[in-house]
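Hi everyone, thanks for coming. I'd like to walk you through a structure that most of you haven't seen yet. Let me put it up on the screen.

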Amino acid sequence: MKVAIIGAGIVGTATAHALLDEGHEVLILDKEGPAFGPSRGNAGWVAHTDILPIASPKIMRQVPKFLADPLGPLAIRPAYLPRLLPWLVRFVLAARPAAYERSIQGLAALQGLALPAWLKRLEAAGLKQHLHRKGGLYAFTDAAMLGHAAGIAKRQAEFGIKVEMIGPEDLRQLEPALSERFAGAAFHPDAAHISDPLALTTALFEAALARGAVFEKAEVTGISTGERPALVGRDGWQRLVDRVVVAAGAWSKPLAAAMGDAVPLDTERGYNVSFPGVTGLTSRPVGFEGHGFVMTPLDSGLRIGGAVEFGGLEAPPNHARTKLLYDKATTLVNGLPPYDSGTLWMGFRPSLPDSLPVIGKASRNPHVVYAFGHGHYGMTQSTATADLVAALIAGRPPAIELGHFSAQRF
Ligand SMILES: Cc1cc2nc3c(=O)[nH]c(=O)nc-3n(C[C@H](O)[C@H](O)[C@H](O)COP(=O)(O)OP(=O)(O)OC[C@H]3O[C@@H](n4cnc5c(N)ncnc54)[C@H](O)[C@@H]3O)c2cc1C
């Protein structure tokens, strides 16, 4: 079959490989080129051990405190608030205890597929060197967070996820560059990180082309509902195919709307500063609990980033936010390079209010399959999503129940 994939981010690129495995003819379209969106500059953490959605009963109690600080870890640009309201309403609903528990089941099921899917894909593509398996740390400075972290570890243990609670001594043995301020950490020995998001997405993209996928730089503005769907472009061109995969990240909403699915997709904008060539300061990704940022030792250099800002897809970045993350980092990590030597970046996480992506068929055309909205975990979940999409297109039962991810769940 001829399958068109809209979007050459990590999800679209991984999906190209899963479809090539099945012998499909694959056409990848992207309005910019491969790895234009967050797949270019994310933190590179394969965080399959995270199974708790952001919308939770606990976060609802913290939101007012976060929002009071315009440069805090969570911010809404005031002018964007009216457009965000439908997403926020869904977020509040997703934070109710029963909905939260349902989302955990969905997230844990998808995360459970993630690492094996990555190992399989990288092995098959000859790109194993892009994955580093040194675990991940969630470090906290406030001893009062120990109970909270232990509670999360208990939930993770229910799903077979290994977490070791470690004290300050062990933490500094693992990561000597961390300051004396830490009270402890949750160590996830099975977490992993990648070489560099841009390098890996590009390598996978090129490997897909080498396997016969075809790339076209084009913006898709609509999809027809016929038996053989047609992609429609901005200047009126059309491409008739057998199946379509929508993997356009944070830009997927209008394409889904045209297929009859009003998905509350929005973007959580994230910021980072990277220091090219700075390697060896730390060995594994570290999340700074309660401080709203992570630090990853990519092969290309050290990256410090995080924050969640709601402001849509058009507003320019506000790198005062990046500077603030960096300034916090200097109080927690010794030996950081000067801010001015770093490169700044902002990216659009494609986010659904319940922290689950949309993976499933479109309402108006079962030959159109969605694969978008992976929020904070798109790098982690991309290869697993690709396998699920391939199963849907082949008409095979998917490896996990896809009801959690349906576009019609809202
Ligand atoms: C600061 C930050 C840190 C992050 N850290 C991590 C992390 O450590 N681990 C993790 O798992 N995830 C992380 N993420 C999330 C992850 O980066 C995203 O979930 C993931 O990159 C989404 O990939 P995607 O392929 O769905 O979308 P994208 O990367 O956005 O790709 C979509 C592509 O579609 C194209 N496109 C859009 N509309 C059209 C159209 N109409 N026609 C044609 N082409 C179109 C775009 O040009 C783009 O190239 C982070 C994100 C941010 C912002």
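Let's begin with a puzzle: does A35 count as buried or exposed? A35 counts as buried, because it has 23 C-beta neighbours inside 10 Å. The rule here is that 20 or more other C-beta atoms within 10 Å of a residue's own means buried, 12 or fewer means exposed, and in between is partly exposed, with C-beta atoms placed from the backbone.

Before I go on, two bits of housekeeping. This is a predicted model, where local features need pLDDT of at least 70 and side-chain atom pairs count only at pLDDT 80 or more, while totals for chains, interfaces and linings use all residues. Residues are numbered from 1 along each chain as its sequence is written.

Back to A35. You'll find it in the loop between strand 2 and helix 2; helices (H or I, at least four residues) and strands (E, at least two) are DSSP runs, numbered from the N terminus. A35 isn't a glycine, and yet its phi is positive, about 55°. S355 also has a positive phi without being glycine, near 65°. That one sits in the loop between strand 19 and strand 20 (358–361), and S355 counts as buried because it has 25 C-beta neighbours inside 10 Å.

Now, the ligand. It's surrounded by 41 residues, and the closest are G9, G37, G249, G270 and G378. Near, for this purpose, means a C-beta atom, placed from the backbone, within 6 Å. Among the elements that each supply at least two residues of the shell are helix 1 (10–21), strand 2 (25–30) and helix 11 (378–394).

Helix 1 has a packing partner too. Its axis and that of helix 8 (residues 197–210) come within 9 Å and cross at roughly 30°. Those axes are lines fitted to C-alpha atoms over the stretch in contact, and angles run from 0 to 180 degrees between N-to-C directions. On the helix 1 side, the contact includes I10, T13 and A14, and on the helix 8 side, T201 and L204 are among the residues involved. In contact means C-beta atoms, placed from the backbone, within 7 Å.

Last stop, the inside and the outside. The largest nonpolar core has 105 residues (buried Ala, Val, Leu, Ile, Met, Phe, Trp, Tyr and Cys joined through C-beta atoms within 7 Å). In that core, I6, V246 and V389 touch the most other members. By contrast, L85 in helix 4 (residues 81–94) counts as exposed, because it has 10 C-beta neighbours inside 10 Å.

Conventions:
Contact = placed C-beta atoms within 7 Å.
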